[in-house]
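Me: I am new to this structure and would be grateful for a close look at a single part of it. Please describe how the helices pack against one another, and then how that packing relates to the sheet.

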Amino acid sequence: MKTTGERPYADPEAAARKLLELAGQVEPVQDGRIHIEKINALFLFTLKASGPEFGAGIRYAVQHGWLELHESGTYVRVLPPGEGLLRQ
């Protein structure tokens with residue numbers, strides 16, 4: 001029987017911090033916008049995280065004022081409190 005490994009991004013705060021780190025690596029388009037699929041792809045495929053972990057991380061970052069999620073869900077913008085986390 002195969003056991004599952006540890007999920008480092010199961011904690012929403014850990015996922016949110018990693019999403020901010022990834023957002024800091026992506027070149028924003030106009031007005032500081034970052035297309036969500038760019039950080040989604042890195043999070044899901046490079047880090048092998050799950051969709052629910054991504055969703056929980058985004059919600060956590062938005063609730064704490066680190067990211068602004070556009071109502072269409074197509075892009076995010078790093079807010080000043082989140083920028084402070086990028087420098088840590």
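Reply: In this predicted model, a suitable place to begin is the pair formed by helix H2, residues 36-46, and helix H3, residues 51-63, whose axes come within 10 Å and cross at roughly 130°. H2 and H3 are therefore oblique to each other. The crossing in which H2 passes H3 is right-handed. On the H2 side, the residues that meet H3 are Ile-36, Ile-39, Asn-40, Phe-43 and Leu-44; on the H3 side, their counterparts are Gly-51, Glu-53, Phe-54 and Ile-58. Sorted by class, this contact of H2 with H3 comprises six nonpolar, two polar and one charged residues.

H2 also packs against helix H1. Here the angle is about 125°, and the axes of H1 and H2 are 10 Å apart. An angle of this kind lies outside the range of 65 to 115 degrees that counts as roughly perpendicular, and it is not over 145; H1 and H2 are therefore oblique to each other. Their crossing is right-handed. From H1, the residues Ala-15, Lys-18, Leu-19, Leu-22 and Ala-23 meet Ile-39, Leu-42 and Phe-43 of H2. The class count for the contact of H1 with H2 is seven nonpolar, no polar and one charged residues.

The remaining pairing to consider is that of H1 with H3. The axes of H1 and H3 come within 7 Å, crossing at roughly 80°, which makes H1 roughly perpendicular to H3. H1 contributes Pro-12, Glu-13, Ala-15, Ala-16 and Leu-19 to this contact, while H3 contributes Glu-53, Phe-54, Ala-56, Gly-57, Ile-58, Tyr-60 and Ala-61. By class, the contact of H1 with H3 holds nine nonpolar, one polar and two charged residues.

Some residues recur in these lists. Phe-43 of H2 meets H3 and also takes part in the contact with H1. Ala-15 and Leu-19 of H1 appear in the contact with H2 and again in the contact with H3.

Phe-43 has a further role in the aromatic pairs, of which the structure holds three. Tyr-9 and Phe-43 form one that is tilted, with 5.3 Å from centre to centre and 50° between the planes. This pair links distant parts of the chain: Tyr-9 belongs to the segment before helix H1 (12-25), Phe-43 belongs to helix H2, and the two are 34 residues apart.

The sheet completes the picture. Three strands form an open sheet in the order E1-E3-E2, with antiparallel pairing. Its edge strands are E1 (34-35) and E2 (67-69), each of which pairs on one side only. E2 pairs with strand E3, residues 75-78, in the antiparallel sense over three bridges. Within this pairing, Glu-68 has Arg-77 in E3 as its bridge partner. The link back to the helices is H3, which lies across E2 and E3 and runs at about 110° to E2.

Technical notes:
Residues are numbered from 1 along each chain as its sequence is written. This is a predicted model: local features need pLDDT of at least 70, side-chain atom pairs count only at pLDDT 80 or more; totals for chains, interfaces and linings use all residues. Side-chain values use heavy atoms; hydrogens and water are left out. Axes are lines fitted to C-alpha atoms, for helices over the stretch in contact, and angles run from 0 to 180 degrees between N-to-C directions. Helices (H or I, at least four residues) and strands (E, at least two) are DSSP runs, numbered from the N terminus. Angles under 35 degrees count as roughly parallel, over 145 as roughly antiparallel, 65 to 115 as roughly perpendicular and the rest as oblique. A crossing is left-handed if the near helix is turned anticlockwise from the far one by less than a right angle, and right-handed if clockwise. Contact means heavy atoms within 4.5 Å. Ala, Val, Leu, Ile, Met, Phe, Trp, Tyr, Cys and Pro count as nonpolar, Asp, Glu, Lys and Arg as charged, and the others, Gly among them, as polar. Two strands pair if DSSP finds at least two bridges between them. Rings of Phe, Tyr and Trp (its six-membered ring) pair if their centres lie within 6.5 Å; planes under 30 degrees apart count as stacked, over 60 as edge-to-face and the rest as tilted.
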